[in-house]
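Reader: I would like to learn how to read a few features of this model. Please take them one by one.

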Amino acid sequence: MKNKGYWALTIVVLGLLIFACKSPEKKDNSLSEKLDAYLKAEATYHRFNGNVLIAENGKILFQKSYGLSNFDSHQLLNDSTVFELASVSKQFTATAILMLKDEGKLSLSDSLRNFFPELPYQGITIYQMLTHTSGLPDYEEAMSIKWDHKKIAFNNDIISFFAKEKPAALFKPGAKWLYSNTAYAILASIVEKVSGEPFPTFLSKRIFTPLSMSRTRIYNTRRSLKDTIPNYAYGFLYNDSTKKYQMPDSMPGMDFVYYLDGIFGDGVVNSTTADLLKWDRSVKTHRLLSETSQAEMLKGQALMDTANNWYYGFGVGIQKTDSGDIIAHSGGWPGYVTYLARNVVKDQTYIVLSNNASNSPAISNALMDIVNGKEIVLAYEHKAIELDSNALKVFVGKYQGKQRFQIEQKAGKLFFVSANGEKQEIKPESNTRFFFAKQPYMLLDFELDTQKKLKKVTLINHGKKSDVKFSDE
């Protein structure tokens, strides 16, 4: 189903220390070459297709396009190509709510039923909707069952549908954190009710135009109203059976891209890397909001990932690190994976937009490592070798990285088993390096001591290295 927010983002501290002894010109050239080499390898071996922009203190360090905006017409991407942002859009919805709060037109403690009394959900506040602690049911799941898939749904249809069908709340408001597209869609409807303007008009007049984001707009009418945007990155998915890319409209199980086409607030802001840098600068300088409201937006309001110290603010995620906060959000929609992050201390901005679902937070994290001078592994072609059962046995056991996993041996093969029980084969390409059969952008490097016991384990995801702990219990 619709997935406008990918989480479990691992973000590292950024820097440029490795280049400190070089002249600025040489530093910039060397950095650009390293970033370009990495992304070209990802494009060659892992099908990366998209636009990338990296900036420091608002100055662009790197900006480049890789691949096609349309796999049917073979039109190339360029710096001004517009992408669907998916859940990166949520920060614009949150900002619209906070602008109305600053104007005294609503309060974050206001009840949802103040605005839509026909809804059956008691005790839910705007604050809880902003922070994904509302417990509202998932409109995508509910409408997949009881909505006419030949009819395009709009935001008012969610309100009417919930008022009629009354799907149960998922939990008591404020009881826990659970990502909610429903909450942000309804927040957009609250903006419309309070402001008296259509949500796309409000964002255009109050956010995009003042910030000179000329290539940015709400855009969910390609299917319903046959509206088009020049130089647009159409979302494509790879079809394993045909070995070709195609738009999701014609793929089985993807009809929700049609019948949910009219929904906004949880996604469907469309923009460019350059416009997103303008947005990032406005957030840093609280140009649109009061200083207090902007600070609250970027504050960790609700804990969502204890292991990686991630919190959710208003429309953005915040990771607490020893070197300060990382502000980030990602998004996903069939064909699109997007990412916008800023290291607050370094004031470095990372924007990666993909229109063939080839992006990953791991790619952005690898770019951060390159800027920081850390070693990464460039993508390459893998070739499996044979290892006997005794050679494989040493790798069997339990491991703890960012997530727990196990390695099992069966019928002369090794299998990676994730914490949720998903299993896939890992194939040896050397005595100590294995690649994932279904995800060849992931590798496991094992270092053995002289007694052939495990000394060190490294997980490599899209080139980014992270240490893993081994337990033989």
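Reader: How many residues does helix H10 have, and what span does it reach from its first C-alpha to its last?

Author: This is a predicted model, where local features need pLDDT of at least 70, side-chain atom pairs count only at pLDDT 80 or more, and totals for chains, interfaces and linings use all residues. Residues are numbered from 1 along each chain as its sequence is written, and side-chain values use heavy atoms, with hydrogens and water left out. Helices are DSSP runs of H or I, at least four residues, and strands are runs of E, at least two, numbered from the N terminus. The expected span of a helix is 1.5 Å times one less than its number of residues. H10 (residues 273-284) has 12 residues and reaches 17 Å, close to the 16 Å expected.

Reader: Why is H10 largely enclosed by the rest of the structure?

Author: Buried means under 20% relative accessible area, exposed over 50%, and partly exposed in between (1.4 Å probe, protein chains only). Nine of the 12 residues of H10 are buried, so the helix is largely enclosed. Among them are Leu276, Trp279 and Asp280.

Reader: Which residue of H10 forms a salt bridge with Asp275?

Author: Side chains of opposite charge can pair when their charged atoms come close. A salt bridge is a side-chain nitrogen of Lys or Arg within 4 Å of a carboxyl oxygen of Asp or Glu. Lys278 pairs with Asp275, the closest N and O atoms being 3.8 Å apart. The two lie three residues apart in H10, about one turn of the helix. Lys278 is partly exposed at 35% relative accessibility, whereas Asp275 is buried at 3%.
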